[in-house]
Amino acid sequence: MDLTKLYNTIIKINLFKGFNINEIENLLKKIRFQIKSYKKNESIFFRGDPIKHIIILLEGTSKGEMHKFNGDTIIIEYIKPNQIIASAFIFGDIQTFPVDLVSMESSKFLFLDKKDFLEVMLDNKRLLTNFIDEISNKGQLLSQRIWFNFINKTINEKVLSYISENQKNGIIMFKPNISELSKRFEVTRPSLSREISLLCNKGILIKIQSNKYRVDLSKL
């Protein structure tokens, strides 16, 4: 990735909100960095690995997952481009990855030297504020996730809550797919598929195409 493309990508990242291209260029001159590429389904980090950099996903999609003792996998988070990896664990007493990180497709990551970034951040109030906002937002998302799993105990309640929160203009897509979503709900894929079929039988969902449904909001 050439520098011009990199600067134009970084300007879209919330961590650098409010910076122009020239300011980003000047920041990166003070921070050692490298870009690494990973293949689809490649393990990038494992739970417990030390976090030695500020890591940002530039291209592709990844997922954070945990493995139970019985071999089941739970999807903790789907990570899209321009997101910082494990931002709440970069500093603090435990600076290690809380989950495994796996690429879902060919991906590129930006690695910023943590020491250099800290020095620049302490000299730049805007960058410091953006980083604090990033950590706060991640904490709020985690709180919502815990609340979701605590309140919505049955599969039916989890699916209906997911539909309510993610439908747009009466259309819902179960992203990225039923199999991955079942891991997030901590249920089996057949159980989730069966619940969706029941909602179709009740007329709450009307299948448009694979993994895409129209929602009858009046019945929901």
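**Helices, sheets and a pocket**

Reader: At what angle do the axes of α6 and helix α7 (residues 189–201) cross?

Author: In this predicted model, local features need pLDDT of at least 70 and side-chain atom pairs count only at pLDDT 80 or more, while totals for chains, interfaces and linings use all residues. Residues are numbered from 1 along each chain as its sequence is written, and side-chain values use heavy atoms, leaving out hydrogens and water. Axes are lines fitted to C-alpha atoms, for helices over the stretch in contact, with angles from 0 to 180 degrees between N-to-C directions. The axes of α6 and α7 (helices are DSSP runs of H or I, at least four residues, numbered from the N terminus) come within 8 Å and cross at roughly 105°.

Reader: Are α6 and α7 roughly parallel or roughly perpendicular to each other?

Author: Angles under 35 degrees count as roughly parallel, over 145 as roughly antiparallel, 65 to 115 as roughly perpendicular and the rest as oblique. The two helices are therefore roughly perpendicular.

Reader: Which residues of α7 make the contact?

Author: Contact means heavy atoms within 4.5 Å. From α6 come I178, S179, L181, S182 and F185. From α7 come R189, L192, S193 and I196.

Reader: How many residues of the contact of α6 with α7 are nonpolar?

Author: Ala, Val, Leu, Ile, Met, Phe, Trp, Tyr, Cys and Pro count as nonpolar, Asp, Glu, Lys and Arg as charged, and the others, Gly among them, as polar. One residue of this contact is charged and three are polar. The nonpolar ones number five.

Reader: Which strands stand at the edges of the open sheet of four strands?

Author: Strands are DSSP runs of E, at least two residues, and two strands pair if DSSP finds at least two bridges between them. The order is β2-β6-β4-β5, with antiparallel pairing. Each edge strand has a single partner, so one side is left without a neighbour in the sheet; these strands are β2 (43–45) and β5.

Reader: Which strands of the sheet does α6 touch?

Author: α6 packs on the sheet, and its direction makes about 110° with that of β5. The strands touched are β4 and β5.

Reader: Which residue in β6 does S62 stand opposite?

Author: Strand β4 (residues 62–67) pairs with strand β6 (residues 100–103) over four bridges, in the antiparallel sense. Opposite S62 stands S103.

Reader: How many residues does α6 give to the lining of the second largest pocket?

Author: On a 1 Å grid over the protein atoms alone, a pocket is an open set of points where a 1.4 Å probe fits, with protein on both sides within 12 Å along at least five of seven lines; lining residues have an atom within 4 Å of a point. β5 (73–79) and α6 (178–185) each supply at least two residues of the lining. α6 gives the most, and its count is three.

Reader: How many residues of this lining are charged?

Author: The lining includes K68, D72, K183, E186 and R189. Two lining residues are nonpolar and four are polar. The charged ones number five.

Reader: Which residue does a cis peptide bond join to K175?

Author: K175 lies in the loop between β8 (171–173) and α6. It touches Y78, Y162 and L181, not counting residues up to four places away in sequence. With omega about -10°, the cis bond joins K175 to P176.
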